Amino acid sequence: SPVSDDEQSAPTDGMVGELEVMCSAEEIRSRLQAKNVDKFEWEPGSTIMNIRVNPNFALKKYQRSAADKVYTAKDTRSLEACTASMDYMMTQILDHDLAPKPGYWYTDQKEPSHFHNIYSFLR
């Protein structure tokens, strides 16, 4: 039978994300320790031996769901943070090889970002 208006607006048991940034400080620290930070997230002047992350450029890494992993609202991006992440990827990263943006490691180092760098970061 068709779904009534009351059923459509009824609350679900789903989780609502509370993380208001594209990547949490905790994840940035963890990824720095594991040296799992993309050059698009590096501060200009960083080197492989001294990586500094720009928190405004850091994106939460995709992780496959695991049966034993417990996801919490505080570690899940809010709708606004997801929207900001998508906007950031589409306006700042996607065409970086054709239109480099200021403030990025690639631009600062005068090292071109190639399609494979962009693809690797966005995938």
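**Reading a predicted helical chain**

Q: In which order do the elements of the chain run from the N terminus on?
A: The model is a predicted one. A reading usefully begins with the order of elements. Here, starting at the N terminus, that order is α-α-α-α-α. The chain therefore counts 5 helices and 0 strands.

Q: What does the radius of gyration say about how spread out the chain is?
A: The value is compared with what the globule rule gives for the chain length. For these 123 residues the rule gives 14 Å, whereas the chain has a radius of gyration of 18 Å, well over that figure, so the chain is more spread out than a compact globule. Along the principal axes, its C-alpha atoms fill a box of roughly 60 × 30 × 20 Å.

Q: How many of the 123 residues, as a percentage, are buried?
A: A residue counts as buried when its relative accessible area is under 20%. In this chain, 29% of the 123 residues are buried. The chain exposes about 8,800 Å², and carbon and sulfur atoms supply 55% of that area.

Q: What share of the contacts joins residues at least 24 apart?
A: The contacts considered are those between residues at least 6 apart in sequence. Of these, 62% join residues at least 24 apart.

Q: Which residues form a nonpolar patch on the surface?
A: Such a patch gathers nonpolar side chains with over 30% relative accessible area. In this model Met 86, Met 90 and Leu 94 form one, with about 290 Å² of accessible area together. Met 86 lies in helix α3 (residues 79–93), and its relative accessible area of 45% makes it partly exposed.

Q: How many salt bridges does the structure hold, and where does Arg 31 take part?
A: A salt bridge requires a side-chain nitrogen of Lys or Arg within 4 Å of a carboxyl oxygen of Asp or Glu. The structure holds 5 salt bridges. In one of them, Arg 31 meets Glu 27 at 3.5 Å, N to O. These two residues are 4 apart in helix α2 (residues 25–33), which means that about one helical turn separates them.

Q: Are Arg 31 and Glu 27 buried or exposed?
A: Arg 31 is buried at a relative accessible area of 7%, and Glu 27 is buried at 10%.

Q: What is found for Lys 101 and Asp 95?
A: Their closest N and O atoms are 2.5 Å apart in a salt bridge. Lys 101 is buried at 13% relative accessibility, whereas Asp 95 is partly exposed at 30%. Elsewhere, salt bridges with shared partners join Glu 27, Arg 31, Glu 41 and Lys 60 into one network.

Note on methods. Residues numbered from 1 in each chain as written. Predicted model: local features only at pLDDT ≥ 70, side-chain atom pairs only at ≥ 80, totals over all residues. Heavy atoms only, no water. Patch = residues over 30% accessible without salt bridge, like charges linked within 9 Å, V, L, I, M, F, W, Y side chains within 5 Å. Areas by Shrake-Rupley, 256 points an atom, 1.4 Å probe, with all protein chains shown as cover. Buried < 20%, exposed > 50% of the residue type's maximum accessible area, 1.4 Å probe, protein only. Rg over C-alpha atoms; globule rule 2.2 N^0.38 Å. Contact = heavy atoms within 4.5 Å.
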